[in-house]
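Reader: Could you pull up the chain so that we can go through it together?
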Amino acid sequence: MKAKNALTTGEWSAPHAVQVKEEYGTLSFYMLSYTKGIGAAIKEAGKRSEVTCEFCGAPGELRGDKWTYTLGEEHKDKKRNFSEETING
Ligand SMILES: [Zn+2]
């Protein structure tokens, strides 16, 4: 079955993410279809994203107040500066 047909009929046999993004400092998955075990894998990835720097993969933690990011020591000021630049033009 072609992918386009599987999407329209719902007969998708593989996990299919329609969107993966950072939300409140952690990964969020929006799935079109699930398979056995994928829920646990997504949950684990979400947990790891809470302790992994989103820039370099080093150990990190949730930082920030208005905007929250998971960042390690090396990059802890990176997103804060980016947000201020965006706000201040
Ligand atoms: Zn980092």
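Author: Here it is, and the turns below go from the overall layout to one hairpin and a few of its residues.

Reader: Before we start, what kind of model is this, and how many helices and strands does the chain have?
Author: This is a predicted model, and the chain in it has three helices together with four strands.

Reader: And in what order do the elements run from the N terminus on?
Author: Starting at the N terminus, the order is α-β-β-α-β-β-α.

Reader: What percentage of the residues is buried?
Author: Of the 89 residues in the chain, 7% are buried.

Reader: What about contacts, how many of them join residues at least 24 apart?
Author: If we take the contacts between residues at least 6 apart in sequence, 10% of these join residues at least 24 apart.

Reader: Let's go to strand 1, is that buried or in the open?
Author: Strand 1 covers residues 16-23, eight residues in total, and because the number of buried residues among them is zero, the strand lies largely in the open.

Reader: In what sense does strand 1 pair with strand 2, and over how many bridges?
Author: The pairing is antiparallel and runs over seven bridges, with strand 2 made up of residues 26-33. One of the bridge partners can be named: E23 is matched with T26 of strand 2.

Reader: How many residues sit between the strands of that hairpin?
Author: There are two residues between the strands, and in this hairpin Y24 takes a positive phi near 55°. Y24 belongs to the loop between strand 1 and strand 2, and this positive value occurs in a residue other than glycine.

Reader: What sign does phi have in most residues other than glycine?
Author: Most residues other than glycine have a negative phi.

Reader: Back to Y24, buried or exposed?
Author: Y24 counts as exposed because it has 12 C-beta neighbours inside 10 Å, and the cut-off for exposed is 12 or fewer.

Reader: Now Q19, which strand is it in, and is it buried or exposed?
Author: Q19 is found in strand 1, and it is exposed, since 9 other C-beta atoms lie within 10 Å. Between Q19 and M31 the C-alpha to C-alpha distance is 7.1 Å, while the two are 12 residues apart in sequence.

Reader: Last one, where is L32, and how many C-beta neighbours does it have inside 10 Å?
Author: L32 is found in strand 2, and with 13 C-beta neighbours inside 10 Å it counts as partly exposed. From L32 to A14 the C-alpha to C-alpha distance is 9.8 Å, at a sequence separation of 18 residues.

Note on methods. Residues numbered from 1 in each chain as written. Predicted model: local features only at pLDDT ≥ 70, side-chain atom pairs only at ≥ 80, totals over all residues. Buried ≥ 20, exposed ≤ 12 C-beta atoms within 10 Å, placed from the backbone. Pairing = 2+ DSSP bridges. Contact = placed C-beta atoms within 7 Å.
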